[in-house]
Amino acid sequence: MPHVGEPTPGLTITPVTGLPEFRPGDDLAGAVASAAPWLADGDVVVVTSKVVSKVEGNLVAVPAGADREAVRQRAIDAETVRVVARRGPLKIVETRHGWVVAAAGIDASNTAGDTLVLLPEDADASARRLRAALQELLGVTVAVVVSDTFGRTWRDGLTDVAVGSAGIPALLDHRGDVDAHGNRLETTQVALVDELAAAADLVKGKLAGVPVAVVRGLAVTPPEDDAGTRPLVRLGPGDLFALGTRDLVPARSPAAAVVPRPGALEAVAAAFRVAVAALPEFPVVFSYGSEEDDVVDVHLTDASTPATALALGALLGAALVQLHAEGWATRWEPVGSPGGSSLVGRIRLGAPAGQSR
């Protein structure tokens with residue numbers, strides 16, 4: 001493997017053309033070996049996860065006449081272990097594999113209209129099987145990367161990353177190395193397999209129907225303990241956003257002014273449904289637009305007491321954070337002296353002033 005400071009002499013990335021439209025049960029290794037008999041020791045074979053899932057049958061059927069989007073949403077829920085963020089139909093979730101990705105990595109493109117493609121059940125195991133099969137068929141020792149298209153946090157656009165690998169380290173660990181200026185690297189770990197996945201996609205593309213590419217010229221030493229892509233997963237103590245919207249709590253502040261935005265009552269009702277889960281026996285009643293537009297009056301069914309005030313505060317805090325996460329500007333206005341009235345306050349909500357929706 002190249003040492004720190006020594007550039008790689010040069011790489012070539014070659015698409016593997018002439019491959020068929022893969023179906024469940026097809027021989028992926030045999031097809032790659034036939035289309036790329038020129039594979040050599042040290043090559044890195046990058047294959048899109050979609051064809052791996054297809055040959056392994058990791059698909060969801062869309063029944064005739066069914067709403068494909070509804071089927072997709074159910075499949076997303078089935079593959080989800082944790083919802084990280086949600087807005088409308090868009091969901092960023094943690095999958096059973098440990099990946100945090102939009103729509104659980106379920107793909108509706110480049111496949112027939114009556115199917116959806118899931119991520120491979122275990123892409124690291126798939127990579128190991130493909131690597132072993134190519135060695136048996138062609139007598140070569142290659143590395144394998146299984147790639148998928150992910151978004152990037154706080155950046156528009158997509159790129160391919162690795163969801164499975166074999167015969168190659170997922171990370172190049174430079175911690176403890178010294179740079180040309182004498183600085184000791186403290187945190188630098190390079191996601192080698194992600195870089196290879198992205199590079200290979202430059203020749204595979206999204207619309208050309210080329211699911212496999214070969215990277216040649218990278219000096220790779222297979223790891224003794226091949227953990228596949230597991231070292232890439234950052235969860236547990238390393239996950240700064242484990243609770244999704246927790247950082248909205250200090251970020252949310254009352255809006256000085258709001259402008260009308262459709263869907264206010266529906267948004268408030270949805271936010272309180274989420275919030276009330278922790279206080280299922282605490283009822284609140286809404287009145288919308290009785291005096292002013294885009295104002296929701298909040299009423300209690302029981303008399304206002306210290307106990308009900310405490311419960312209402314907990315409920316409102318959770319609901320307002322939920323509304324803020326959905327992009328609403330809010331301002332809570334309590335009623336000063338409710339007396340015998342059931343009205344305890346008003347939520348003004350809409351789009352932030354100066355922003356149209």
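1. A word on terms to start: a residue is called buried when its relative accessible area is under 20%, exposed when over 50%, and partly exposed in between. Please keep in mind that this is a predicted model.

2. With that in hand, have a look at helix α5. Its buried residues are Leu192, Val193, Leu196, Ala197, Ala200, Asp201 and Lys204. As general background, residues three or four places apart in an α-helix point the same way, because there are 3.6 residues a turn.

3. The length of α5 can be checked too. The helix covers residues 192-204, and its 13 residues should span 18 Å at 1.5 Å a residue; the C-alpha atoms at its ends are 18 Å apart, which agrees. Just after α5 comes Gly205, which has a positive phi, near 70 degrees.

4. Now to the charged side chains. How many salt bridges does a search of the whole structure find? The search gives 15. A few of them are picked out below.

5. Asp43 and Arg216 form a salt bridge in which the closest N and O atoms are 2.7 Å apart. This pair links distant parts of the chain, 173 residues apart: Asp43 sits in the loop between α1 (28-35) and β2 (44-48), while Arg216 belongs to strand β12 (residues 212-216). Asp43 counts as buried because its relative accessibility is 2%. Arg216, in contrast, is partly exposed, its relative accessible area being 33%.

6. Another salt bridge joins the side chains of Arg230 and Asp124, at 3.8 Å from N to O. Here as well the pair links distant parts of the chain, 106 residues apart, with Arg230 in the loop between β12 and α6 (248-251) and Asp124 in helix α4 (residues 123-138). Is each partner buried or partly exposed? Arg230 has a relative accessible area of 37%, so this residue is partly exposed. Asp124 is at 6% relative accessibility and therefore counts as buried.

7. The next pair lies between two strands. Arg346 and Asp297 form a salt bridge, with 2.8 Å between the closest N and O atoms. Because Arg346 is in strand β17 (residues 343-352) and Asp297 is in strand β15 (residues 295-300), the pair ties together parts that are 49 residues apart in sequence. Arg346 has a relative accessible area of 19%, so Arg346 is buried. Asp297 is buried as well, with a relative accessible area of 5%.

8. One last thing to look for: Glu79, Arg96 and Glu121 are joined into one network by salt bridges that share partners.

Note on methods: Residues numbered from 1 in each chain as written. Predicted model: local features only at pLDDT ≥ 70, side-chain atom pairs only at ≥ 80, totals over all residues. Heavy atoms only, no water. Helix = DSSP H or I, 4+ residues; strand = E, 2+ residues; numbered from the N terminus. Expected span 1.5 Å × (residues − 1). Buried < 20%, exposed > 50% of the residue type's maximum accessible area, 1.4 Å probe, protein only. Salt bridge = Lys/Arg side-chain N within 4 Å of Asp/Glu carboxyl O.
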